[in-house]
Amino acid sequence: MERKHWLIHIVLILGAVTMLVPFYWMLVTSLKTLVESTQVPPTLWPQTFVWTNYSDVWNSLPFAAFYVNTFGMIFFRIIGSVFFSATAAYAFARLEFPGRDMLFGLVLVTMMIPGQLFLIPQYEIVARLGQVDTLFALVMPGLVSAFGTFLLRQFFLGIPKELEEAAILDGCNRWQIFWKVMLPLARSGLVALGIFTALFAWKDLMWPLIVNTSLDEMPLASGLASLQGQYSTNFPQLMAGSVIAIWPMVVLFIIFQKQFIQGVAGTGSKS
Amino acid sequence: MAEVRLEHIRKAYGDNVIVKDFDLTIRDKEFMVFVGPSGCGKSTTLRMIAGLEDITSGKLYIGDKLMNDVSPKDRDIAMVFQNYALYPHMTVYENMAFGLKMRHVPKDVIKRKVQEAAASLQLTELLDRKPKALSGGQRQRVAMGRAVVREPSVFLMDEPLSNLDAKLRGTMRTEISRLHQRLQTTMIYVTHDQTEAMTLGDRIVVLNDGVIQQVDTPMNLYRHPCNKFVAGFIGSPSMNFLPARIVGEEGEVYLEGDGFHANVSYDMAQKLVDVGAREVLLGVRPDDIHDAGVLLADKKEIAGQGNVEIVEQLGATTLLHMRLGTQQIVASMPGGQEYAVGQQVPLVFNIDNLHVFSTHDERNLML
Ligand SMILES: Nc1ncnc2c1ncn2[C@@H]1O[C@H](COP(=O)(O)OP(=O)(O)OP(=O)(O)O)[C@@H](O)[C@H]1O
Ligand SMILES: [Mg+2]
């Protein structure tokens, strides 16, 4: 019993260390001089702390705009995907209309197609709407989510039909049933979808890189990528930029830790 | 005023007819029970009254209004579901208030009504709890409370007690009776439990296979079942059915079958003479079979010898599962009597309570 306990701990500690080393390396490198950062063998602790790496990189790029764009993109994508997925999922789960199952099959199929295939048509849409280099362009592909529709449909299917019938007798119309009974009961599903959407939007690099080319319209991901081009060998500044880019996400994670873990681990099981 | 009238109601899913020609008038303030075996269409009928299912054909009136195309929320009904269907994300108070809120009843009125209903159902202490934190019986009472606050003109209940344990079910049964006396509202109650039906109903509808078998008061159903199905369904333990032959002429008629020979009452004899067929089905309730030894009965009255196979002692009564000829029968004896497996018991039938059914269409031939 006791030995097994230790074994599990050792495995977990190894896992944690593996995850933390890159973060540590990023932090340490961001404070080194350029020479020290490429030294062999590498140093585990900076010989001198070069805090100016941060001010230099902050001044060289419009980080304020990056933040605004990133959070704008995440905010509207969450609103959009949660709203549209929930309404679509409810329809697929509970309404009866001709072609319902076939349409839902099509939604599932889109999940199986590699996302890169959509890049060109999506760009076409944004370009023809005259929205290239705007916040809308960043948000657009994330407004609807096939995965979210699938996920929330499972949640709605798990809610007993009697609850809806009770709501009908209590005087609710369709929209009120959805809004006052179904949505609150699918809360953990909505939170999970919100988290997935935020994560995906945060990490999305390809799409912002293609659609928004002026620096002021970029989110953090593609903004940082441009840093790599400018300072291809200046690792300390690159790392300083990365630290500036990730700290809001880390703070958010710490604040929402509980919901985050519940959302990812408990999907589908709570109702 | 809320009489509920079902005129030739029919329900079909595709070619599958679930409810056939359901014709019934439920009087204002009546407690009407629908009873029948699983799958006979009780819930479906109730849900058509509620408006949760479409009516395939026929007419439904509540009060004087044709309700076929009226939406459920405008039918002035409230329903209690088998699994209660309480909103898990709302407190007990919110659950009970929800229906009123949706109907834009002023806040202070809602508050007063919910608190009144809660007090009468002993829920006052629980108003701030979520359903998850309630026991089965408490949830059941919340479900009732939610219906009560609406003050509907008809209450619909679909097996509201079937998720409770036996003891609680007994308590809740009396509570529902009391509720009905207090509210004086029409109630339609679905159950497959004949005890619930007998104890609660002013009248009972016995359903089988989507067809009404008989509508009557509990005692009339018990005493004068219209056919074998009703006779077997109402009463516990079930009536014994024994194939029998009508023997003899006017004045000297009796029923004879495998292992028994039953005298009949004068009235019955008169009627048996007129029955065309000779072969019938004799129905005897377990309560109407007595031990000739205990009764000190005359030898002439003994109907047959039962061979005891199983003895079930229930306290006040003892159930004897016996073999009579080649047939299985059940008799209910007073609890004080001792019986042993294998014992031969001389049996007497209560001749005033015998039933005779047609072997051909299972109709009660004595009605
Ligand atoms: N949506 C449906 N489509 C097809 N058949 C259905 C549907 N709903 C119910 N049925 C059938 O109708 C019949 C009656 O169902 P109903 O629920 O009314 O039975 P019940 O008398 O309430 O039984 P129980 O005591 O088990 O609740 C059943 O045979 C059932 O299979
Ligand atoms: Mg049912």
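This is a short talk on a predicted model, covering its ligand site, its salt bridges and a few local features.

Some ground rules before the details. Local features in this predicted model need pLDDT of at least 70, side-chain atom pairs count only at pLDDT 80 or more, and totals for chains, interfaces and linings use all residues. Residues are numbered from 1 along each chain as its sequence is written, chains are lettered from A and ligands numbered from 1 in the order in which they are written, and side-chain values use heavy atoms, with hydrogens and water left out.

I start with ligand 1. The residues around it, meaning those with a heavy atom within 4 Å, include Tyr13(B), Ile18(B), Lys42(B), Thr44(B) and Glu159(B). By type, the shell splits into 3 nonpolar, 5 polar and 2 charged residues; in this scheme Ala, Val, Leu, Ile, Met, Phe, Trp, Tyr, Cys and Pro are nonpolar, Asp, Glu, Lys and Arg are charged, and the others, Gly among them, are polar. Helix α1 of chain B, residues 42-50, gives the largest share of the shell, with 3 residues. Helices here are DSSP runs of H or I with at least four residues, strands are runs of E with at least two, and both are numbered from the N terminus.

Which side chains put a polar atom by an oxygen atom of ligand 1? Ser38(B) does so at 2.5 Å, and Lys42(B) at 2.8 Å. Tyr13(B) has a polar side-chain atom 3.5 Å from a nitrogen atom of the ligand. Taken alone, ligand 1 exposes 640 Å², and the protein buries 58% of that; areas come from the Shrake-Rupley method with a 1.4 Å probe, and for residues only the protein chains shown count as cover.

Next, salt bridges. Side chains of opposite charge can pair when their charged atoms come close. The rule used is a side-chain nitrogen of Lys or Arg within 4 Å of a carboxyl oxygen of Asp or Glu, and it gives 19 salt bridges over all chains. One of them joins Arg323(B) to Glu309(B), with the closest N and O atoms 2.9 Å apart. Arg323(B) sits in strand β17 (residues 317-324) and Glu309(B) in strand β16 (residues 304-313) of chain B, so this pair ties together parts that are 14 residues apart in sequence.

Another pairs Glu116(B) with Arg112(B), at 3.6 Å from N to O. These two lie in helix α3 of chain B, 4 residues apart, about one turn of the helix. Glu116(B) is partly exposed at 48% relative accessibility, where buried is under 20%, exposed is over 50% and partly exposed is in between, with a 1.4 Å probe and protein chains only. A salt-bridge network links Glu165(A), Lys11(B), Arg47(B) and Glu53(B).

Last, some backbone points. Where are the cis peptide bonds at Pro41(A) and Pro237(B)? Pro41(A), after Val40(A) with omega near -10 degrees, is in the loop between α2 (34-37) and α3 (52-60) of chain A. Pro237(B), after Ser236(B) with omega near -5 degrees, is in the loop between α8 (228-233) and β11 (240-247) of chain B.

His104(B) has a positive phi near 60 degrees without being a glycine. This residue lies in the loop between α2 (92-102) and α3 (107-120) of chain B, and is exposed, at 70% relative accessible area.

Conventions
Polar contact = N/O pair within 3.5 Å; in protein donor to acceptor, adjacent residues only side chain to side chain.
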